[in-house]
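Here are a few packing exercises to work through with the model open in your viewer. Try each one before you read the solution.

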Amino acid sequence: MSVLQSVGATIKQLRAQVAALHAELPRNALVVWTAGNVSARVPGADLLVIKPSGVSYDDIRPENMVVTDLDANLVDGDLSPSSDTSAHAYVYKHLPQVGGVVHTHSTYATAWAARGEPIPCVLTMIADEFGGEIPVGPFALIGDDSIGRGIVATLRAHRSPAVLMRNHGVFTIGPNARAAVKAAVMCEDVARTVHIARQLGAPLPIRQSDVDALYDRYQNAYGQA
Ligand SMILES: [Zn+2]
């Protein structure tokens with residue numbers, strides 16, 4: 001039995017899930033045109049499910065999602081994978097805890113990326129979700145694994161599930177694709193709030209011990225048991 005057959009039911013579910021999550025990108029004003037994508041790792045196989053290249057969010061269906069290996073080679077699907085697939089694949093290959101990856105050029109977060117400036121941890125929400133500042137990754141050209149390498153190197157050094165790739169946009173990770181989408185929505189929201197706060201003065205820092213306490217509580221105790 002081929003790998004594709006053994007994980008066929010999982011891939012079917014993930015195609016539906018990843019297709020549905022793409023609707024969250026325009027709904028949360030994170031994307032224009034086709035410039036943003038969600039992927040999910042296929043548990044039990046070195047595969048991922050991702051958006052096809054250049055398909056409008058209105059036309060996204062479970063059946064036009066594509067499956068690639070962790071070198072971004074097409075394994076299943078009729079369309080070519082997103083041009084960001086190699087960056088997603090590199091993340092799955094090198095960060096085994098990651099089950100979902102999202103990429104956007106959302107406006108406020110990308111404005112911080114354009115300046116190469118991390119978003120400082122000046123809101124309890126930033127401490128909760130990101131555990132500290134939202135870091136900046138290196139400038140990297142699309143085409144080889146340099147975007148992936150920059151994402152992995154930056155995220156390994158921080159608790160944040162989001163990285164602002166310099167002059168480019170946002171990549172977020174999560175234990176699953178939904179968590180990565182949530183991090184992308186939160187990242188844009190706090191980028192906007194801190195940007196607005198800056199217009200009238202300097203946002204106040206939060207003590208490191210309080211950042212740690214907030215992060216620990218949110219990550220371990222928040223929500224429904
Ligand atoms: Zn991009």
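**Exercise 1.** Work out how helix α2 (residues 8-22) packs against α8.

*Solution.* Start with the geometry: α2 and α8 pack at an angle of about 15°, with their axes 10 Å apart. Axes here are lines fitted to C-alpha atoms, for helices over the stretch in contact, and angles run from 0 to 180 degrees between N-to-C directions. Helices are DSSP runs of H or I with at least four residues, strands are E runs of at least two, and both are numbered from the N terminus.

Next, classify the angle. α2 is therefore roughly parallel to α8, given these bins: under 35 degrees is roughly parallel, over 145 roughly antiparallel, 65 to 115 roughly perpendicular, and the rest oblique.

Then list the contact: Gln 17, Val 18 and Leu 21 of α2 meet Ala 177, Arg 178 and Val 181 of α8. Contact means that the C-beta atoms, placed from the backbone, lie within 7 Å. Sorted by class, that contact has 4 nonpolar, 1 polar and 1 charged residues. (Ala, Val, Leu, Ile, Met, Phe, Trp, Tyr, Cys and Pro count as nonpolar, Asp, Glu, Lys and Arg as charged, and the others, Gly among them, as polar.)

Before going on, two ground rules. This is a predicted model, where local features need pLDDT of at least 70, side-chain atom pairs count only at pLDDT 80 or more, and totals for chains, interfaces and linings use all residues. Residues are numbered from 1 along each chain as its sequence is written.

**Exercise 2.** Do the same for α5 (residues 107-115) and α8 (residues 177-199).

*Solution.* The angle between α5 and α8 is about 70°, and their axes are 7 Å apart. That is why α5 and α8 count as roughly perpendicular to each other. On the α5 side the contact uses Tyr 108, Ala 109, Ala 111 and Trp 112, and on the α8 side Cys 187, Glu 188, Ala 191, Arg 192 and His 195. The tally for α5 with α8 is 6 nonpolar, 1 polar and 2 charged.

**Exercise 3.** Trace the strand order of the open sheet and find its edges.

*Solution.* The open sheet has 8 strands in the order β4-β3-β2-β1-β5-β8-β7-β6, with mixed pairing. Its edge strands are β4 (74-76) and β6 (136-137), each pairing on one side only. Pairing requires at least two DSSP bridges between two strands.

Now zoom in on one pair: β7 (residues 162-165) and β8 (residues 169-174) run antiparallel over 4 bridges. Within that pair, Val 163 stands opposite Phe 171 in β8.

Finally, add the helices. α4 (residues 85-94) packs on the sheet and touches β1 (36-42), β2 (47-50), β3 (66-69), β5 (100-104) and β8, at about 140° to the direction of β2. α7 (residues 146-156) also packs on the sheet, touching β6, β7 and β8, and its direction makes about 130° with that of β7.

**Exercise 4.** At what angle do the axes of α4 and α7 cross?

*Solution.* The axes cross at roughly 45° and come within 8 Å, which means α4 is oblique to α7. Ser 86, Ala 87, Tyr 90, Val 91 and His 94 in α4 meet Ile 147, Gly 148, Arg 149, Ile 151 and Val 152 in α7. By class, the α4 and α7 contact splits into 6 nonpolar, 3 polar and 1 charged.

Terms used
Contact = placed C-beta atoms within 7 Å.
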